[in-house]
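Visitor: Please give me a close look at a single part of this model, and then set it beside the rest. State the cut-offs as you go.

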Amino acid sequence: MLSLKEHPHRRHNPLTNEWVLVSPHRTQRPWQGQLEEVAPQQQPQYDPTCYLCPGNDRAGGKKNPKYSSTFVFDNDFSALLPSTPTEEVNEDDLIVAKGEPGICRVVCFSPRHDLTLASLGSEQIERVIETWVEQFRQLGTMTEINHVQIFENRGAMMGASNPHPHCQIWAETTLPNEPTKELSAQSEYSDAGSSCLLCDYLRLELAHKTRVIAENDSFVLLVPFWAVWPFETLLLPRRHCSDLEQLGQEERRGLAVMLSSLATRYDNLFGVPFPYSMGFHQRPTDEAKHPEWHLHAHFYPPLLRSASIRKFMVGYEMLGMPQRDVTPESAAEHLRATPDVSLQRAG
C-alpha cells in the first residue's frame with residue numbers, strides 16, 4: 001500500500017495540471033529546523049535616504065507627499081509601459097514577439113519605514129486591503145487591461161530592494177502564464193461538474209484538517225496538498241467570490257486577520273524576518289464574468305530548515321519537475337505550532 005508518509009510519490013496540482021515529486025523517506029529523522037543567531041536589523045521609523053518614505057525624493061526628481069496612510073504611485077522603473085505598441089513580430093511561428101502594454105504601480109503600506117505585514121496589525125492591514133480593492137477596480141475597468149496582479153516580494157533573498165513595507169501591482173493586456181493555467185483548470189472543472197474547483201478542494205481540506213494552519217469565519221489558511229516550496233501556503237475565502245472587490249467588510253476584516261497571522265507565524269518559525277513572494281490571483285478583467293474563478297492568495301517562501309538554509313530550484317527540478325522532502329502535512333504541523341503573536345506591533 002502506498003504511504004504518503006514513507007514512499008516517494010507524485011502529487012497533482014489541479015490548479016495548474018502540473019505535478020510535484022515528494023520524497024518523505026529522506027526525512028526519517030527528528031525535525032531539523034533550528035533558530036539561528038541573526039544580527040538584528042533594526043530599521044528607523046523614518047529613513048531620509050529611503051525613496052519610499054514620506055517627503056523624500058524619488059527617481060527623476062519626483063517627490064513623495066507627506067502621506068499618513070497608504071500611498072500609491074506609478075513605478076519609476078516600470079516593467080510595462082502603457083504606450084507600448086501592440087504589433088507582433090512573427091517568423092514562421094517560431095520566432096514570435098508581441099508588444100505588451102501595461103501599468104506598474106507601487107503601494108506603500110505605511111509611512112513607517114520600520115514596519116511589515118507582521119507588525120502592522122490587522123486594522124492597518126485593512127487599509128492596505130481597501131487600497132488593493134480600489135486599485136483593482138480602477139485598473140480593471142481600463143479597456144486595455146485584462147489582468148491585475150497584486151504581489152509582494154519580502155526580503156533581500158526575494159529581490160526586494162527596499163525594506164520599507166510595500167507591494168507592487170502590474171496590470172497588463174495579456175493574461176500571464178500562471179493565471180492562464182489556473183483559468184483553464186477552473187473552467188474545465190466547472191464545465192465538467194457545474195461546481196467550483198477551489199470550493200470543492202477547500203471542503204476536502206476542512207474535512208481532513210491535516211494541512212489547515214488557521215481559519216476564521218471568512219478565510220482558511222492551509223498548506224496545499226501539492227505545495228512545491230517548503231512552507232508554501234494558500235489562503236482561500238470560504239465563500240465563493242472571484243476578486244477582492246466582492247469581499248464584504250467583515251470578510252475584508254477576516255482577510256486582514258489571516259494575513260497578520262500568517263506573517264507573524266512565518267517570522268516566528270525561525271526567529272527571523274521571513275522572506276517570501278506572495279500574490280493574489282483574481283479573475284481576469286476582460287468583459288467576461290468568470291463565475292468559475294475563486295479568489296485566492298499564494299505565498300512562496302524559500303527557507304527550508306533555518307534562517308540561512310533555503311530551497312533552490314536546480315538540476316532535476318529545472319529539467320524534470322519540482323521536488324520536496326518535507327511533506328506539506330509536516331510543514332502545516334510546524335506552522336500550526338508556531339505562535340502568531342508578533343514581537344513588534346505598530347505603535
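Guide: Strand β2, residues 18-22, pairs with β14 in the parallel sense, over two bridges. The model is a predicted one: local features need pLDDT of at least 70 and side-chain atom pairs pLDDT 80 or more, while totals for chains, interfaces and linings use all residues. Residues are numbered from 1 along each chain as its sequence is written, and side-chain values use heavy atoms, without hydrogens or water.

Pairing requires at least two DSSP bridges between the strands; strands (E, at least two residues) and helices (H or I, at least four) are DSSP runs numbered from the N terminus. Between β2 and β14, L21 has Q323 as its bridge partner, and V22 stands opposite R324. β2 also pairs with β1, here in the antiparallel sense and over five bridges. H12 has W19 of β2 as its bridge partner. The link from β1 to β2 is a hairpin with four residues between the strands. In its turn, N17 has a positive phi of about 60 degrees.

Together these strands form an open sheet of three, in the order β1-β2-β14 and with mixed pairing. β1 (9-13) and β14 (323-324) are its edge strands, and each pairs on one side only.

Now the other sheet. Nine strands form an open sheet with antiparallel pairing, in the order β3-β6-β8-β7-β12-β13-β11-β10-β9. Because β3 (71-74) and β9 (212-215) stand at the edges with a single partner strand each, one side of each is left without a neighbour in the sheet. From one strand to the next, the twist averages 20 degrees. At the β9 edge, three bridges join β9 to β10 (residues 219-222), and the two strands run antiparallel. L221 of β10 is the bridge partner of A214.

Two helices lie across the nine-stranded sheet, among them α3 (residues 177-193), which lies across β7 (147-154), β12 (276-281) and β13 (296-300). α3 runs at about 45 degrees to β12. Helix α5 (residues 249-269) lies across β7, β9, β10, β11 (233-237), β12 and β13, at about 20 degrees to β10. Angles here run from 0 to 180 degrees between N-to-C directions, with axes fitted to C-alpha atoms, for helices over the stretch in contact. Contact means heavy atoms within 4.5 Å.

Each of these helices also packs on another helix. α3 and α4 (residues 197-208) pack at about 85 degrees, and their axes are 9 Å apart. The two are therefore roughly perpendicular to each other (65 to 115 degrees; under 35 is roughly parallel, over 145 roughly antiparallel, the rest oblique). On the α3 side the contact is made by A185, Q186 and Y189, and on the α4 side by L197, L198 and D200.

α5 meets α7 (residues 328-336): their axes come within 9 Å and cross at roughly 95 degrees. That crossing makes α5 roughly perpendicular to α7. R265, Y266 and L269 of α5 make this contact with H334, L335 and R336 of α7.

To return to the part you asked about: β2 takes the middle place in the order β1-β2-β14, with five antiparallel bridges to β1 and two parallel bridges to β14.
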